[in-house]
Number of protein chains: 2
Amino acid sequence: MSDVRTAASMTSEAAGLTSGYAVGLDVGGTKVFGALLSADGALAGTVRLPTVRGREGVVTSVVRAVEELALEAGVLPGELSGVGLGVPGLVDPATGSVVHAVNLGIDGEPFALAEILAARLGVPVVADNDLNVAALGAAHALGPRGRDLAFLALGTGLAAGIVIDGRLRRGASGAAGEIGHIPIDPLGPLCPCGQRGCVETFASGTALGERWPSRRGRPAPAELFEAAEAGDPRAVQIKAEFAAAVAAAVRILVLTVDVQHVVLGGGVSALGDTLLDAVRVALDEQSRPSPFLTSLRLADRVTLAPTDVPVAAMGAAIAGRRKVS
Amino acid sequence: MSDVRTAASMTSEAAGLTSGYAVGLDVGGTKVFGALLSADGALAGTVRLPTVRGREGVVTSVVRAVEELALEAGVLPGELSGVGLGVPGLVDPATGSVVHAVNLGIDGEPFALAEILAARLGVPVVADNDLNVAALGAAHALGPRGRDLAFLALGTGLAAGIVIDGRLRRGASGAAGEIGHIPIDPLGPLCPCGQRGCVETFASGTALGERWPSRRGRPAPAELFEAAEAGDPRAVQIKAEFAAAVAAAVRILVLTVDVQHVVLGGGVSALGDTLLDAVRVALDEQSRPSPFLTSLRLADRVTLAPTDVPVAAMGAAIAGRRKVS
């Protein structure tokens, strides 16, 4: 373990050697998606590898992805300006230590992932929650408009990453954006968090899959929206209720932090324009009786995360690169 | 009107002359409360005058309050480092123009209040919403801990002023902190805003007064809390439901921006510790079934606005002083 050095000490060592390329990795439960970012912030390459779960497995998967992207850039991993990781779990961004990430098979004792990778690769490594890096990536993709946004992830659960003045708002205890656990109906379903009627119990992929289970092997949201399109009355209703709950999440974000943009991301956002349209219709319906809400032009603030750009991996690269700037 | 100069031009003129004293005024519908702030940020004097409503009336009231406080400091109004106003209504903080302030009798065309006062007094004047200056004042009163807080005003309505990294978060359209209009019960009462079941319909002084009207000429919240203390079962229930709704507002603030402190202010906060205790009990009850909520230690974050310091007037003075720094 004598070669385990900290990211901080690597920073100064690498500063003179950097090629300007940064690598960002979106480390998911089944795959690692990597992005190579050139010095001017453009996407210069991508890679997709299966995730090997468990501590050593994750390290091996990440090292392989970084090596492939460095090769694509024509540099050694140690010549990268930095590596950033987005991890689906609780991460201490100050140290890059993973507290737990159940989908990666990392639990129990905190795991010094960034530190171990920095030593293995010879390059500074930072790690953060995947939602936080996705918010940074979405802000980057939006350009100057991206200085003020929430990235609203509709996946297994629902949560947002908030960017204010171009900076991630983590909050006093890292709970900023955990709007999925705000109750909006005292008679709503029990939430795994222990409360009742949380936003997440209405507006997540999980909630949707429970009300409309996948029947034909495709993702439940796609099957539901298709059935609604075909006129199935129950599907029409479930779709409308889902869209209304997503709209409630948008309303909460605007009436609290008043972000300029709300970017819909996460697995459910693969539905694309049909989701965006449904959420905008729901926002307009909710605003109709209220001149105050109408004045906030909620529907105009909502956009889809770009599909031509891997926002989480790019955001991770930006977070990694920033460490050495 | 040839002597109507802008705050910006006054700034440079006054810069060389300033005594270091700043004046802040909390301009309410019935009274103007003023604070004199010394160069080191200490409260050096206060004044309380009746508000004369209407455009010219408000100007006259403010001029008189500023003159009294300047006299107390032993300087001319033009030698103050700045004047700040908190106004109960919609204000453009960039220009200090009042768009509307129904309780002051200002409505219709926007009124260039700060500009007119700057010309009349010979000192830079800024104006902002009263809740925003109260949040700044609460942040100042809390010292270094005040860099991250929400000032939750429980008055006629319910809204918050949010301070992040020591700066007021106004939001993209000035709607940050308007959490009173987040619906939390689809079967709740109709809100004057046009929606149903807004936080404000459960957790404002107005909501409380409707459920427990004042019978003995004292403020409704005081009479309700006393009746609950005396064991009246209906009062006990209404008090608990009110506290639960205030707790819901705290939970919304923490699960969205994750502020370190939530400071209870506004008219209802005059209840003091009995309110604070009730809100803390409600937060603990809401957190009990949820390890996640428990980990956020919501009850520990809630405090009362200081009663020995006029937070809105002091915040206004700070806002006014900053303009010339």
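This passage looks at how the two chains of a predicted model sit against each other, and then at how chain A is divided into domains.

Start with the symmetry. Chain A lands on chain B after a turn of 180 degrees, with 0.0 Å of shift along the axis and an RMSD of 0.1 Å. The pair is therefore related as by a two-fold rotation axis. Within chain A, Ile184(A) has the C-alpha nearest that axis, at 2.2 Å. Both copies use the same surface to meet, since 100% of the contact residues of chain A turn up again in chain B.

As for the contact itself, 35 residues of chain A touch 35 residues of chain B. On the chain A side, two elements put in two or more residues each, namely helix 8 (233–256) and helix 10 (291–295). Helix 8 of chain A is the top contributor, with 6 residues. Sorted by class, this side of chain A comes out as 21 nonpolar, 8 polar and 6 charged residues.

Now to the inside of a single chain. Chain A is assigned two domains: domain 1 covers 7–135 + 310–322, and domain 2 covers 143–304. Their C-alpha centres are 29 Å apart. Where the domains of chain A meet, 5 residues of domain 1 are in contact with 8 residues of domain 2. On the domain 1 side, helix 4 (residues 130–142) of chain A supplies the largest share, 4 residues. That side of domain 1 has 4 nonpolar residues and 1 polar one, with no charged residues.

Notes. Residues are numbered from 1 along each chain as its sequence is written. Chains are lettered from A and ligands numbered from 1 in the order in which they are written. This is a predicted model: local features need pLDDT of at least 70, side-chain atom pairs count only at pLDDT 80 or more; totals for chains, interfaces and linings use all residues. Copies are superposed by least squares on the C-alpha atoms of residues with pLDDT of at least 70 in both. Two residues are in contact if their C-beta atoms, placed from the backbone, lie within 7 Å. Ala, Val, Leu, Ile, Met, Phe, Trp, Tyr, Cys and Pro count as nonpolar, Asp, Glu, Lys and Arg as charged, and the others, Gly among them, as polar. Domain bounds come from an automatic or database domain assignment.
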